[in-house]
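Trainee: Got a minute to walk through this one with me? I'd like to start with the loops.

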Amino acid sequence: MSMDSLVLLGLRVALIVVLWLFVVLALRAMKNDVKVVGAASKSTTVAAPQGLARAFNRSTPPRLLTVIEGPLAGSSMEVADDMVIGRSPDCTFVVGDDYASGRHARIFKRGAEWFVEDLDSRNGTFVSGVRIDQPEQIELGTDIRVGRTTVRLVP
């Protein structure tokens, strides 16, 4: 082997070592991020919504849909078995929120269980801070975010 080929071989090996070092450091950073996010989500799931759900018997039916945050904070309506939330006047629960779609989300009862589903809204529907893409079961006290408005089923 000539000197040039040895130098090229050395550079190739050094490049592979540097690339693997980068991969290992990236994986370590991702692992640390997952630990931080996991710890944050654990601390937020023990917050008021979960405590409120535990405070009531599972058989306690929800009586009101209440706005916790947003333009209409403090307002509420009596619960129906099928409710559509959005900006459109034909919705069951009209929110004055520019970030909500016309027909944003649907809250419905199936048997004794309550569910929420996103109606292909632009900004998505979030249940306890997690974006949903299919009907998600909810309980009393679960936060449902539609645009910048957060609603909750309460007894």
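**Loops, sheets and core**

Trainee: Asp120 first: buried or exposed?

Mentor: Asp120 is exposed, at a relative accessible area of 75%. Here exposed means over 50% relative accessible area, buried under 20%, and partly exposed in between, using a 1.4 Å probe on protein chains only. This is a predicted model, where local features need pLDDT of at least 70, side-chain atom pairs count only at pLDDT 80 or more, and totals for chains, interfaces and linings use all residues. Residues are numbered from 1 along each chain as its sequence is written, and side-chain values use heavy atoms, with hydrogens and water left out.

Trainee: Where does Asp120 lie?

Mentor: In the loop between strand 6 and strand 7. Strands are DSSP runs of E, at least two residues, and helices are runs of H or I, at least four; both are numbered from the N terminus.

Trainee: What about the phi of Asp120?

Mentor: Positive, about 55°, although Asp120 is not a glycine. Ser128 also has a positive phi, about 50°, and is not a glycine either.

Trainee: And where does Ser128 lie?

Mentor: In the loop between strand 7 and strand 8. Ser128 counts as partly exposed, at 41% relative accessibility.

Trainee: Let's zoom out. How many helices and strands does the protein chain have?

Mentor: Two helices and eleven strands. Along the sequence, the two helices come before the strands: α-α-β-β-β-β-β-β-β-β-β-β-β.

Trainee: In what order do the six strands of the open sheet run?

Mentor: 2-1-11-10-7-8, with antiparallel pairing. Two strands pair if DSSP finds at least two bridges between them. Strand 2 (76–78) and strand 8 (130–131) are at the edges with a single partner strand each, so one side of each has no neighbour in the sheet.

Trainee: How many bridges between strand 7 and strand 10?

Mentor: Three, antiparallel, joining residues 125–127 of strand 7 and residues 143–146 of strand 10. Phe126 stands opposite Arg145 of strand 10.

Trainee: What about the open sheet of five strands: which order?

Mentor: 4-3-5-6-9, and the pairing is mixed. Strand 4 and strand 9 (136–138) are the edge strands, each pairing on one side only.

Trainee: Which strands does strand 3 pair with, and in what sense?

Mentor: Strand 5 (residues 105–110) pairs with strand 3 in the antiparallel sense, over four bridges. Strand 4 (residues 93–94) runs parallel to strand 3 and is joined to it by two bridges.

Trainee: What stands opposite what in strand 3?

Mentor: Met83 faces Ile107 of strand 5. Val84 is opposite Arg106, also in strand 5. Ile85 is opposite Phe93 in strand 4.

Trainee: How many residues of strand 3 are buried?

Mentor: Four of its five residues, which run from 82 to 86.

Trainee: On to the core. Which residues of the largest nonpolar core touch the most other members?

Mentor: Leu65, Ile85, Phe93, Ile107, Val116, Ile138 and Leu153, out of 20 residues. A nonpolar core is a set of buried Ala, Val, Leu, Ile, Met, Phe, Trp, Tyr and Cys residues joined through side-chain atoms within 4.5 Å. Strand 1 (64–69), strand 3, strand 5, strand 6 (113–118), strand 10 and strand 11 (149–154) each give two or more residues to this core.

Trainee: Ile138, then: what does it touch?

Mentor: Ile107, Trp114, Phe115, Val116, Val127, Ile144 and Leu153, leaving out residues up to four places away in sequence. Contact means heavy atoms within 4.5 Å.

Trainee: Different topic. How far is Asp118 from the nearest side chain of opposite charge?

Mentor: That side chain is Arg131, 5.5 Å away; Asp118 is buried and has no salt bridge. A salt bridge puts a side-chain nitrogen of Lys or Arg within 4 Å of a carboxyl oxygen of Asp or Glu. Lys and Arg count as positive, Asp and Glu as negative; His and the chain ends are not counted.

Trainee: So which side chains make a polar contact with the side chain of Asp118?

Mentor: Ser121, at 2.5 Å, and Thr125, at 2.5 Å. A polar contact is a pair of N or O atoms within 3.5 Å; within protein, one must be able to donate a hydrogen and the other to accept it, and residues adjacent in sequence count only if both atoms are side-chain atoms.

Trainee: Last one: where is Gly70, and what is it in contact with?

Mentor: Gly70 is in the loop between strand 1 and strand 2. Beyond its neighbours within four places in sequence, Gly70 contacts Arg148 and Thr149. Gly70 is partly exposed, at 31% relative accessible area.
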